[in-house]
Number of protein chains: 2
Amino acid sequence: VAAVVLLAGGTGGAKLARGMLDELGSDLTVIANTGDDIEIYGAHVCPDPDLVTFWLADAIDSRGWGLDADTFFAMDQLRALGDAVWFNLGDRDLAIGLHRAQRLADGARLTSVIDDVRRAFGVAARVLPPSDDQVRTYVKARGEWRAFQDFMIRLRGRGPIEDIEYRGASVARPSEEALSAVREASAIVIGPSNPVLSVDPILTVLADEIRAAAAPVVAVSPLVRGEVLKGPTAACLEWAGRSLDSDGIAAHYEGLIDGLVADRRASDVPTLETDVELADPESRRRVARAVLEFAAALG
Amino acid sequence: VAAVVLLAGGTGGAKLARGMLDELGSDLTVIANTGDDIEIYGAHVCPDPDLVTFWLADAIDSRGWGLDADTFFAMDQLRALGDAVWFNLGDRDLAIGLHRAQRLADGARLTSVIDDVRRAFGVAARVLPPSDDQVRTYVKARGEWRAFQDFMIRLRGRGPIEDIEYRGASVARPSEEALSAVREASAIVIGPSNPVLSVDPILTVLADEIRAAAAPVVAVSPLVRGEVLKGPTAACLEWAGRSLDSDGIAAHYEGLIDGLVADRRASDVPTLETDVELADPESRRRVARAVLEFAAALG
């Protein structure tokens, strides 16, 4: 296995990316979801690409988001000024978003600005957005459309979900970097992220290229022992009409994947049955290796 | 002496403001220079109004600018991302500027947004900009026009100064709050700030109203024992054709002031001769009291 592309949302995808980094080093390219991006406090925040980057740099905080030991003096000051701070950002995280907003305003591409962060943290693997164009995930819940972060934080990601839109997707073009990575990959892995909210925003831009790619495509199930570890995956699968099991995941990626990695077998797609919990460095590396070997066997 | 207006730039004016606060409490209104304002990192920074506010709140850092014990994690992160950080802002200071930028973008007046900071720090005295309109100080040095902060920080305020412009001044209107404060004042004090770079940007907007006001107008010399304590006052007075002494200061404010407070007598204006160094709380309060009594005697 040479160059590998991993599609990732937040925590699940990022943890697998970290395991893959041990196996692949600079042969790993992560295409991270930018449907969750948000402009706030003058900053352009890319939660998923940054979460992936922080994981790859071993700089993720134990709280599960943001930078290790980051401080929150700026947010505290905003609160002291009377602002309703609902989206929390550490001081260094804020600076990353301010840097990105400035560079974008100066005409830089999103790909380039996300790469600034990767390079600043000395990460060998690449982290790419699927597109330099804006694709934003909106969720309809309780009769109202909300931007992704608004739904996740203010509504705490609570369903039922009535509808989902990837705004901008119909006109967004894949970046040259993402296209090349997909075309040149020897394996394409869909990480164990929320299929609807984290992976589909990438697929709205790249699904055709992934289907056309020579490489085998393998999805890693986000379900561990039949359960969702984090986030509104159950509500999303329910909205999408999928069952909350390996068959539901396989059905969601039907026509796209050549195999599934999950702890329970799917009926209609080759499945590598293995524990997919990514709780520690050893398990992350073990699952990464198993996924890569499975993909190689399917290729 | 009831309501008093103090015109202030940075450190000198802010120190006198702190002494006046002891004497006047909420009867003090500081009109602070906004010619040094700068938009940077997505923030709208008002160095002089904030410096005054931090002094009034006993929150100024011992380095002479910024908030006491502020941290600089955001700036460190910007540097790590490769940004040339030439304008240093603490994390809480940055948040103040981001709050202000957001509120201004939402349509708030500069007066209101500067007042947010004052209220957040629980300062009893008011801190006002002279105008809600933008007036920006530009300095020509070495053949090139530079915005104030660029001149002060990148050129380290080094003269000779070839020209100075207050851009926007010809169309800027005084705010209602500044106008009322000047009209209702029982004394108007020009603080010991740089006459050309800190006070004149205020006077370009408010000089006519100050001349028309009933209150006596007293200037406090920024010169201590014939010396400039801080900043490019010497180069500025030289450019303005003023001597670096009490006569030069008096000449600069000719037709505007009724008296001068300085440690050396001026020839053509009533002078209160007293030590005007504001090195500690006692001297700040003593000078403030002396200035107010002098103004009352002139009134």
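The exercises below, each with a worked solution, concern a predicted model.

**Exercise 1.** Describe how helix α3 of chain A and helix α4 of chain B pack, and decide whether they are roughly parallel, roughly perpendicular or oblique to each other.

*Solution.* Begin with the geometry: α3(A), which spans residues 73–80, and α4(B), which spans residues 91–105, pack at an angle of about 50°, and their axes lie 8 Å apart. Angles under 35 degrees count as roughly parallel, while those from 65 to 115 count as roughly perpendicular. The two helices, α3(A) and α4(B), are therefore oblique to each other. Their crossing, in addition, is right-handed. Turning to the residues, A:Phe73, A:Ala74, A:Gln77 and A:Leu78 from α3(A) meet B:Asp91, B:Arg92, B:Ala95, B:Ile96 and B:His99 from α4(B). Sorted by class, this contact of α3(A) with α4(B) has 5 nonpolar, 2 polar and 2 charged residues.

**Exercise 2.** Apply the same kind of description to helix α8 and helix α9 of chain B, and name the residues that make the contact.

*Solution.* In chain B, helix α8 (residues 195–212) and helix α9 (residues 233–240) pack at an angle of about 65°, with 9 Å between their axes. Because angles from 65 to 115 degrees count as roughly perpendicular, α8(B) is roughly perpendicular to α9(B). On the side of α8(B) the contact involves B:Pro195, B:Val196 and B:Leu197, and on the side of α9(B) it involves B:Thr233, B:Cys236, B:Leu237, B:Trp239 and B:Ala240. By class, the contact of α8(B) with α9(B) comprises 7 nonpolar residues, 1 polar residue and no charged residues.

**Exercise 3.** Find which residues of helix α7 of chain A are buried, and work out how they are placed around the axis.

*Solution.* The buried residues of α7(A), a helix of residues 176–184, are A:Ala178, A:Leu179, A:Ala181 and A:Val182. They cover an arc of only 165° around the axis, and therefore they lie on the same side of α7(A). On the other side of α7(A), A:Glu176 and A:Glu184 are exposed. The buried residues of α7(A) pack against several elements of chain A, including β1 (4–8), β5 (126–128) and α8 (195–212).

**Exercise 4.** Decide whether A:Val127 is buried or exposed, and list its contacts beyond its neighbours within four places in sequence.

*Solution.* A:Val127 is located in strand β5 of chain A. Buried means under 20% relative accessible area, so A:Val127, at 0% relative accessibility, counts as buried. Leaving aside neighbours within four places in sequence, A:Val127 is in contact with A:Val30, A:Ala32, A:Pro49, A:Val52, A:Thr53, A:Leu56, A:Ile114 and A:Arg118.

Methods: Residues are numbered from 1 along each chain as its sequence is written. Chains are lettered from A and ligands numbered from 1 in the order in which they are written. This is a predicted model: local features need pLDDT of at least 70, side-chain atom pairs count only at pLDDT 80 or more; totals for chains, interfaces and linings use all residues. Side-chain values use heavy atoms; hydrogens and water are left out. Axes are lines fitted to C-alpha atoms, for helices over the stretch in contact, and angles run from 0 to 180 degrees between N-to-C directions. Helices (H or I, at least four residues) and strands (E, at least two) are DSSP runs, numbered from the N terminus. Angles under 35 degrees count as roughly parallel, over 145 as roughly antiparallel, 65 to 115 as roughly perpendicular and the rest as oblique. A crossing is left-handed if the near helix is turned anticlockwise from the far one by less than a right angle, and right-handed if clockwise. Contact means heavy atoms within 4.5 Å. Ala, Val, Leu, Ile, Met, Phe, Trp, Tyr, Cys and Pro count as nonpolar, Asp, Glu, Lys and Arg as charged, and the others, Gly among them, as polar. Buried means under 20% relative accessible area, exposed over 50%, partly exposed in between (1.4 Å probe, protein chains only). The arc is that of the directions from the helix axis to the C-beta atoms.
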